[in-house]
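Visitor: Could you take me through one part of this fold up close? I'd like to hear how a pair of helices packs, and then what else turns up as we move along the chain.

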Amino acid sequence: MPRDTSGIPQRLQGGLIASCQPVRGGPLDHPHLVAALAQATEAGGAVALRIESLADLEATRAVTRLPIIGLVKKEVPSSPVYITPDLADVEALARRGAEIIAFDATQRPRPVAVAELIEAIHAQSCLAMADVSTLEEGLEAHRLGADFVGSTLSGYTDYSPRLPGPDLELVRQLAARGVRTIAEGRIATPQEARAALEAGAFAVAVGTALTRIELLTKAFVDALAEGKVAG
Ligand SMILES: CC(=O)N[C@H](C=O)[C@@H](O)[C@H](O)[C@H](O)COP(=O)(O)O
């Protein structure tokens, strides 16, 4: 039976999406711990989850009814694209219960055209989230039928700005053109999340600041070390 995703955008609107992607190879990198992280963020009020890998998705799907944005990260030959780069994983992500599938929609050399990925995702009765790095990429993904566009890859292509914080200008410009935009990437504080919403974001996704304990700890440790040098 085709899945009914008609209510999903409404559930996400104005809310926090918790990206639960542990530091790979770290102590939290186990599907049952990712599921626990997801439950903890749900308890805190997250309206949806962003989960990478089939194993983590399966474990998380078993413990929550929140909408899940599923993706896989993998390397493919002759292309820098690594977020759901080809068609191979789309069906598997859908089968494991992702309602939304995220994929790289940048204009870099890529194994599969953006239009083809969107079509494959829709064929699984899932919604498509296009991760982009520029306004042009976002508008093109929107034109091709992406249900959501994420600012996820701004700062991670060699032609997008390297900002220390979120690319709110990209969010603002996409939103101003009527694109359902998910602000994602380097949102480190509740104030930045709020600013993203005020810039027009449809919803706000936060990862590292919620779930990558090693990096959060290191930021504190580094700040203390700087203090020692200064003192
Ligand atoms: C660039 C890339 O590969 N981003 C990935 C996308 O799924 C994740 O590694 C990020 O954690 C996620 O986008 C959330 O961003 P932040 O962790 O900065 O809140």
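Guide: What follows is a walk through one helix pair, then a few loops, and then the ligand site. Keep in mind that this is a predicted model.

Let's start with the pair itself. Two packed helices are described by the angle between their axes and the distance between the axes. Here the two helices are H2, covering residues 31-43, and H3, covering residues 54-61; their axes come within 8 Å and cross at roughly 50°. That angle makes H2 oblique to H3, because it falls neither under 35 degrees nor in the 65 to 115 range. As for handedness, H2 and H3 cross in the right-handed sense.

Who does the touching? On the H2 side you'll find Pro-31, His-32, Val-34, Ala-35 and Ala-38, and H3 answers with Ala-55, Asp-56, Glu-58, Ala-59 and Thr-60. Sort those by class and the contact of H2 with H3 comes out as 6 nonpolar, 2 polar and 2 charged residues.

Thr-60 is a good one to zoom in on. It sits in helix H3, and it counts as buried because it has 28 C-beta neighbours inside 10 Å, where 20 or more is enough. Setting aside residues up to four places away in sequence, Thr-60 touches Val-34, Ala-35, Ala-38, Leu-49, Ile-51 and Ile-68. Val-34, Ala-35 and Ala-38 are also among the residues H2 brings to the helix contact. If you want a distance to check on screen, go from Thr-60 to His-30: they are 30 residues apart along the chain, with C-alpha atoms separated by 11 Å.

Now step back to the loop between strand S1 (16-19) and H2, where you'll meet Pro-27. Pro-27 has 10 other C-beta atoms within 10 Å, so it is exposed. Its C-alpha lies 9.3 Å from that of Glu-214, even though the two are 187 residues apart along the chain.

Further on comes the loop between strand S3 (68-71) and helix H4 (90-95), which holds Thr-84. The backbone is worth a look there: phi of Thr-84 is near 40°, a positive value in a residue other than glycine. Thr-84 has 28 C-beta neighbours inside 10 Å and therefore counts as buried. Asp-89 lies in that S3-H4 loop too, and with 20 C-beta neighbours inside 10 Å, Asp-89 counts as buried because the cut-off is 20 or more. Leaving aside neighbours within four places in sequence, Asp-89 is in contact with Val-72 and Thr-84. The C-alpha atoms of Asp-89 and Val-72 are 7.3 Å apart, across 17 residues of chain.

Next is the loop between helix H5 (114-123) and strand S5 (127-131), home to Ser-125. Phi of Ser-125 is near 60°, again a positive value in a residue other than glycine. Ser-125 has 13 C-beta neighbours inside 10 Å, so it counts as partly exposed. Gln-124 is found in the loop between H5 and S5 as well; having 18 C-beta neighbours inside 10 Å, Gln-124 also counts as partly exposed. Apart from its neighbours within four places in sequence, Gln-124 is in contact with Val-90, Glu-91 and Ala-94. For a longer ruler, try Gln-124 to Gly-200: 76 residues apart in sequence, and 29 Å from C-alpha to C-alpha.

Last stop, the ligand. There are 16 residues around it, and Ser-19, Tyr-156, Arg-186, Gly-207 and Thr-208 come nearest. Strand S8 (203-206) and helix H9 (208-211) each supply at least two residues of that shell. By class, the shell around the ligand has 7 nonpolar, 6 polar and 3 charged residues.

Conventions
Residues are numbered from 1 along each chain as its sequence is written. This is a predicted model: local features need pLDDT of at least 70, side-chain atom pairs count only at pLDDT 80 or more; totals for chains, interfaces and linings use all residues. Axes are lines fitted to C-alpha atoms, for helices over the stretch in contact, and angles run from 0 to 180 degrees between N-to-C directions. Helices (H or I, at least four residues) and strands (E, at least two) are DSSP runs, numbered from the N terminus. Angles under 35 degrees count as roughly parallel, over 145 as roughly antiparallel, 65 to 115 as roughly perpendicular and the rest as oblique. A crossing is left-handed if the near helix is turned anticlockwise from the far one by less than a right angle, and right-handed if clockwise. Two residues are in contact if their C-beta atoms, placed from the backbone, lie within 7 Å. Ala, Val, Leu, Ile, Met, Phe, Trp, Tyr, Cys and Pro count as nonpolar, Asp, Glu, Lys and Arg as charged, and the others, Gly among them, as polar. A residue is near a molecule or strand if its C-beta atom, placed from the backbone, lies within 6 Å of it. A residue is buried if 20 or more other C-beta atoms lie within 10 Å of its own, exposed if 12 or fewer, and partly exposed in between; C-beta atoms are placed from the backbone.
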